[in-house]
Each structure stands twice: as C-alpha cells, then as structure tokens.
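Please look over the sequence and the fold shown here before reading on. The paragraphs that follow walk through the structure step by step.

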Amino acid sequence: MLYLTTVTPVYHGADTLRRLAEELRIVRDQLERESAPVQLAQAIFVDDGSTDGSDQVLRELRSEYPWIETITLSRNYGQHPATMAGILHASGDWVATLDEDLQHHPAHLLPMLQEAAMASRDIVYAMPDAPVHGSLFRDGASALYKWLIGRVSGNRNVQFFNSFRMMRGSIARAASAVAGHQTYFDLALSWFTSSVGVLRLPLKDHRYAEGRRSGYRLRSLLSHGRRMLQSSDLKMVRLGAVIGFVAMVVALLALVYTIVVRLVFPTLVEASGWASVMVAVLFLGGMNAFLAGLVLEHMTILLMKSHGKPTFFEVDRDQDSVLREWFERRGGQR
C-alpha cells in the first residue's frame, strides 16, 4: 500500500479551511471506496502565524478528522518555509502541496498523481489553463519574471513553478531538509530531479479575481522573486567568463595581425599607436571579464553548496507500476 500526504500552509484561511477539509475527505473516501493502492493518509496544515482565527478552526478540524494533523509555527515565516515544515512531518510515498483558499482543488490530486505515475515523474506541477488572477499585470509580470529566471539559470522548468505540486515523498523531504530560509523551494526540488511533468488544470485565484486581497502582498511577491534569483545557478556568470576569454583571443590575434602588417606592409600604417592601444584595451578588458567570471563562478558554487545543493541523490520508482496498473484499470477517469 502506498500513502499520499497533503501539505497546506495556512495564513489567514479561516474562511476556507473547513471546506478544504471536506473536499479532502471526499478524495480520501473515494480512494478507500475504490480499494486504491494509494490512500490519503495525512492532511497536514501548517499555521504560519495566522491572526484570523485559523488556529481555532484547525483545532476543530483535527478533532473531527483523525487523519488531519496541524503544525503551529512560532511566527509568520512565509509560504515556502511553512510548506517545508509540513513536508518534513509528512510520511507519505507521495506528497502534494496545495493552498488553503481552494485555488488548488483537491479533486485534481488524483489526475496529478496519475500523470506522475504513468510517466514515472518525480514532480508534477499544475499548469493553469487560463490566467489565474484575471489581471494582465499580475499574471504577465509573473510569467515574464519566470521566463527571465529560466533563461538566466538554464532551468527550463522555472516557468512551471507554482505551489500546487505532486511530489515523490523522498525527493520532497530531501529538498525540504537541505533548503535554507532563503532557498526557493522549487529550485531546491530541481537539484534532486529533472523528471518533471506538467498537467493543465483550471486554476483560479477567486480572492484576487473578486476584488478581495490576495494571499500574497507585493512585499511577499518581491521576496519570492529575490529568493528565486539567489537560489539559481546563474549561467550568465559562466557566459561572462566565456566572452572575456574570447575577447582575449581576439586581442592576441589582432596583435599578431598588427605586427605582421607593421613589418611586411609598413606603408599601410598611417598613424602609429592606435592599433596597439585598441589591442591592449581589448585584451585587458577581456582578461578582467574572464577573471571576474571565474571568481563569480566559484562564488556561485559556494552559494549553491550553502543552499544545500547535493552531489547526487538516489530515487526508487519501482512502485510506480502498481499505480499505473490501477489507473489503467480505472480507464480514462481523471
């Protein structure tokens, strides 16, 4: 038997927590009714310093549903640290993270698990099939920033990053264990696997679309962007070193050319000194760029090591066949 754990960071979610728990119960009952080889064993809620009475609602839910567990953080640490705290308490073979506002509906958990099992993916992200917030600026800015980080870091999965994930439990726990407070969790996950899938689903931030305050303030969004940049293995640093090296080679070739022209065709040189100055500027500038690139490359390596990036990681995908057989018997149900 395989087990699924859900992890939900909670910050001012008192209005939606009870409905979310009920939707999770429906998924849990469905798996039990169908005698599935995977069961929803845990639903972990992490109270991230809420002040709207979410803690009281969580206590009530925990008393009503024995499979619900609650964790209370000492203060508000942010979504990613709260998520990682929950994952470290998760015992499931698979771990799904979802928000408390029902933007990520529990009914999508099985389709995401099916996508992971059928292709032996370690992580499956839910990809919105339409703009999530209904705001051209908000959705466009998020997409543009992720695209830029993806290009700079060379990580093609950055564009899919969001908080609705289905993850292999061993990878989720390993990434949570090594990630620091300033580490962007999805980039930490990418250190452990490149087997990432995407499933398009209808996702909508109803609080934002209806004019209510989003769960993320501008300060939080900027913090997410900063940590994403800090946690990235920036390929642009390496590119700077390459450009500097090429400039040095070009300068040396230009120097050889200048010397040959000066010795063989002295009448072609109308003004002395300009060629040697340009060669010297190009060579020294290239050397500075090359050396700076090397230094920054080593600093990036040290930064990734401080963030917990591993040398290697082992994963066991043998149990995926059990899930594949069950999903195939279910047919096209999603």
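Is Glu-64 buried, partly exposed or exposed? With a relative accessible area of 43%, Glu-64 is partly exposed, where buried means under 20% relative accessible area, exposed means over 50%, and partly exposed lies in between, as computed with a 1.4 Å probe and protein chains only. This is a predicted model, in which local features need pLDDT of at least 70 and side-chain atom pairs count only at pLDDT 80 or more, whereas totals for chains, interfaces and linings use all residues. Residues are numbered from 1 along each chain as its sequence is written, and side-chain values use heavy atoms, with hydrogens and water left out.

The protein has 12 helices and 7 strands, these being DSSP runs numbered from the N terminus (H or I over at least four residues for helices, E over at least two for strands). Of its 334 residues, 46% count as buried. Among contacts (heavy atoms within 4.5 Å) with a separation of 6 or more, 85% are accounted for by residues 24 or more positions apart. The accessible surface of the protein comes to about 17300 Å², and 60% of it belongs to carbon and sulfur atoms; accessible areas come from the Shrake-Rupley method with a 1.4 Å probe, and for residues only the protein chains shown count as cover.

A useful place to enter the fold is strand β6, which covers residues 165-168. In a regular strand the side chains alternate between the two faces of the sheet. In β6, Arg-165 and Met-167 point one way while Met-166 and Arg-168 point the other way, and all of them are buried. Strand β6 pairs in the antiparallel sense with β4 (residues 94-97) over 4 bridges, and it pairs in the antiparallel sense with β5 (residues 123-128) over 3 bridges; two strands count as paired if DSSP finds at least two bridges between them. Within these pairings, Met-166 is the bridge partner of Ala-96, and Arg-165 is the bridge partner of Tyr-125.

The nonpolar residues of β6 lead on to the interior. A nonpolar core is a set of buried Ala, Val, Leu, Ile, Met, Phe, Trp, Tyr and Cys residues joined through side-chain atoms within 4.5 Å. The largest such core has 41 residues, and those with the most contacts inside it are Phe-45 and Met-166. Leaving aside neighbours within four places in sequence, Met-166 is in contact with residues including Leu-4, Trp-94, Ala-96, Leu-109, Met-112 and Val-124. Apart from the largest core lies another, of 32 residues, which includes Val-46, Tyr-125, Met-167 and Ala-188.

The charged residues of β6 take part in salt bridges, of which the structure holds 11, each defined as a side-chain nitrogen of Lys or Arg within 4 Å of a carboxyl oxygen of Asp or Glu. Side chains of opposite charge can pair when their charged atoms come close. Arg-165 meets Asp-186 in a salt bridge with an N to O distance of 2.7 Å, and this pair links distant parts of the chain, since Asp-186 lies in helix α7 (residues 185-190) and Arg-165 in strand β6, 21 residues apart. Both partners are buried, Asp-186 with a relative accessible area of 1% and Arg-165 with 2%. Arg-168, for its part, is linked with Asp-122, Arg-317 and Asp-320 in a network of salt bridges.

Other salt bridges involve helix α1. The side chains of Glu-64 and Arg-18 meet at 3.0 Å, N to O; Glu-64 lies in helix α2 (residues 54-64) and Arg-18 in helix α1 (residues 17-33), so the pair ties together parts that are 46 residues apart in sequence. Arg-18 is partly exposed, with a relative accessible area of 36%. Arg-25 and Asp-29 also meet in a salt bridge, at 2.4 Å, N to O, and both lie in helix α1, 4 residues apart, about one turn of the helix.

Turning to the surface, Leu-239, Val-242, Phe-245 and Leu-282 are among the residues that form a nonpolar patch with about 760 Å² of accessible area together. Patches are made of residues with over 30% relative accessible area and no salt bridge, with like charges joined within 9 Å and nonpolar side chains (Val, Leu, Ile, Met, Phe, Trp, Tyr) within 5 Å. Helix α10 (residues 235-264) supplies the largest share of this patch, 8 residues. Val-242 is found in helix α10 and, at 46% relative accessibility, counts as partly exposed.
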